[in-house]
Amino acid sequence: YNESLKIHNEILFPNFCNELLKIKDLKLRPDDTFVIGYPKSGTTWTEEIVWLIQNDLDFEKCSRQFHFERVPFLEKEPLNKIDLLPAPRVFKSHLTLDYLPDKIEQFCKIIYVMRNPKDMLVSYFNFMKSIKGIDYNGTLENIIEDFSQDKIVYGNWCDHVNQFYSNSNILFITYEDLLEKSFEIVKKIVEFLGKSYTDKEIERLIEVTSFKNMKSTSTQLSRFHSDETFKRIDFSLFFRKGEIGNWVSHFNDQMSSKVDDLIKHKINPNIEIRYLPSK
Ligand code: A3P
C-alpha cells in the first residue's frame, strides 16, 4: 500500500501526482473552473454538477462520455495535455491553494466541497479496500489513527477545510447541504458561475446527477476507459452509499470521540459540521 504513495513537504500524496510543483505554473484561463475537496467528500458529484452548468446542460454528452474524460484530475493529468484541452475546462483537485497557481481564486472560479469527517473516513476506508492491486488490509481504526497523524493523503483535514473556508472568493458548500437542500445549493452554484437556468432545468440537473444515476452511468462507461488508475477502481463500489450518517454503523464511541477531539480545537469555529441527516 505504501508503494502507491509519495511524500512531499511531509504530506502524503498518491503516486500518480507526478508534476506537483509544476502545477503552480499552469496556464490559467478565465473560464476555468476548479472543484476542490478533501478526498471522499463528494468531489466527483460536485464536478458533475459543475461540468453540466458550464456545458449548457449537455445531458447527452454526460451520458455518453465517462466523467473523468470530461473532468481532468489536475494533479494526475500531464500538464502538456491539460494545456491543449478545449474550453471551458472543469478540473477536479484535492490540492490545497499552496500547490495551485498564485491568486488562482481571483482569476478563476473555485467551488470547495466539505463533508463531515466521519462519513469521509468510512468512505476513504472502503475506497482503500476496493482499489485493485493495493490489497489494503488495515481496519477503520487504522485509518482513524492515520488521520490523527496526518498519514492519509493530502494532509491535515482541518488545515485543508480552514484554508478554503477563509477565502471569500471561493464558494464553500457541504456534501450534507448538497444532499438535503439540493435545489438551493445547485442554484447557488449556478449563480456563482454567472449562469442562469430555469427552475425546471435545475430540477433536471439534480435528477441526472443523483447517486443512482451517476452510479449506473459511471459503472457502464468506466468499462471502456483505458486509463490505468481508473481501471483499478470498481465504480459500482466507488458509488457506495451516498448518505449522511453512514459512519454510525461503523464507528464505536471511542472512534467517534477520537475524531471529535482531533478537530474541535483545530477547525475554524464558524464552520458547521453536520454528522447526521436533519430529518
Ligand atoms: P460513500 O462512500 O459514503 O458512498 P469523492 O468523489 O470525493 O471521492 O467522494 C466519494 C463519495 O461521494 C462516496 O461516498 C460516493 O458514494 C459519494 N457520491 C458520489 N456521487 C454521489 C451522488 N451523486 N450523490 C451522493 N453521493 C455521491
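In this predicted model, helices α10 and α11 sit roughly perpendicular to each other, and the crossing angle is why: angles of 65 to 115 degrees fall in that class, and the two axes cross at roughly 110°. Helix α10 spans residues 182-192 and α11 residues 199-208, and their axes come within 10 Å. On the α10 side, the contact is made by S182, F183, V186, K187 and V190, which meet D199, I202, E203, L205 and I206 of α11. Sorted by character, the residues of this contact come out as 6 nonpolar, 1 polar and 3 charged.

Taking α10 on its own, the buried residues are S182, I185, V186, I189 and V190. They span an arc of only 145° around the axis, so they end up on the same side of α10. What they pack against is a mix of helices and strands: α1 (43-54), β5 (109-114), β6 (171-174), α9 (175-180) and α11. S182, V186 and V190 thus turn up twice, as buried residues of α10 and as part of the contact with α11. After α10 comes G194, with a positive phi near 70°.

Helix α11 can be read along similar lines. Here I202, L205 and V208 are buried, and they cover an arc of only 125° around the axis, which places them on the same side of α11. Their cover includes α1, α2 (59-64), α10 and α12 (211-222). Helix α1 therefore appears in both settings, packing against the buried residues of α10 and helping to cover those of α11.

D199, which belongs to α11, is partly exposed, with a relative accessible area of 44%. Setting aside neighbours within four places in sequence, D199 is in contact with F183 and K187, and both of these residues belong to the α10 side of the helix pair. As for V113, its C-alpha atom is 23 Å from that of D199, with the two positions 86 residues apart along the chain.

Moving on to charged pairs, the model has 20 salt bridges. One of them joins the side chains of D32 and R89, with an N to O distance of 2.8 Å. D32 is in the loop between β2 (11-14) and β3 (33-37), whereas R89 is in the loop between α4 (79-83) and β4 (90-93), so this bridge ties together parts that are 57 residues apart in sequence. Both D32 and R89 are buried.

Another salt bridge pairs E48 with R70, whose closest N and O atoms are 3.0 Å apart. This one runs from helix to helix: E48 lies in α1 and R70 in α3 (residues 67-70), so the pair ties together parts 22 residues apart in sequence. With a relative accessible area of 7%, E48 is buried. R70 is buried too, again at a relative accessible area of 7%. E48 brings the account back to α1, the helix already met as a packing partner of α10.

The bridge between the side chains of D159 and K266 likewise comes in at 3.0 Å, N to O. It links distant parts of the chain, with D159 in helix α8 (residues 157-165) and K266 in the segment after α15 (253-264), 107 residues apart. Here the two ends are partly exposed: D159 has a relative accessible area of 42% and K266 one of 37%. Salt bridges can also join up into a network, and that is how K76, E77, K81 and D227 are linked.

Helix α8 also holds W157. At 2% relative accessibility, W157 counts as buried, in contrast to the partly exposed D159 in that helix. Leaving out neighbours within four places in sequence, the contacts of W157 are Y38, M114, R115, P117, M120, F147, I263, I267 and I273. Y38 is 119 residues away from W157 in sequence, yet their C-alpha atoms are 7.1 Å apart in space. Another of the listed contacts, I263, falls within α15 (253-264), the helix that comes before the segment holding K266.

Terms used: Residues are numbered from 1 along each chain as its sequence is written. This is a predicted model: local features need pLDDT of at least 70, side-chain atom pairs count only at pLDDT 80 or more; totals for chains, interfaces and linings use all residues. Side-chain values use heavy atoms; hydrogens and water are left out. Axes are lines fitted to C-alpha atoms, for helices over the stretch in contact, and angles run from 0 to 180 degrees between N-to-C directions. Helices (H or I, at least four residues) and strands (E, at least two) are DSSP runs, numbered from the N terminus. Contact means heavy atoms within 4.5 Å. Ala, Val, Leu, Ile, Met, Phe, Trp, Tyr, Cys and Pro count as nonpolar, Asp, Glu, Lys and Arg as charged, and the others, Gly among them, as polar. Buried means under 20% relative accessible area, exposed over 50%, partly exposed in between (1.4 Å probe, protein chains only). The arc is that of the directions from the helix axis to the C-beta atoms. A salt bridge is a side-chain nitrogen of Lys or Arg within 4 Å of a carboxyl oxygen of Asp or Glu.
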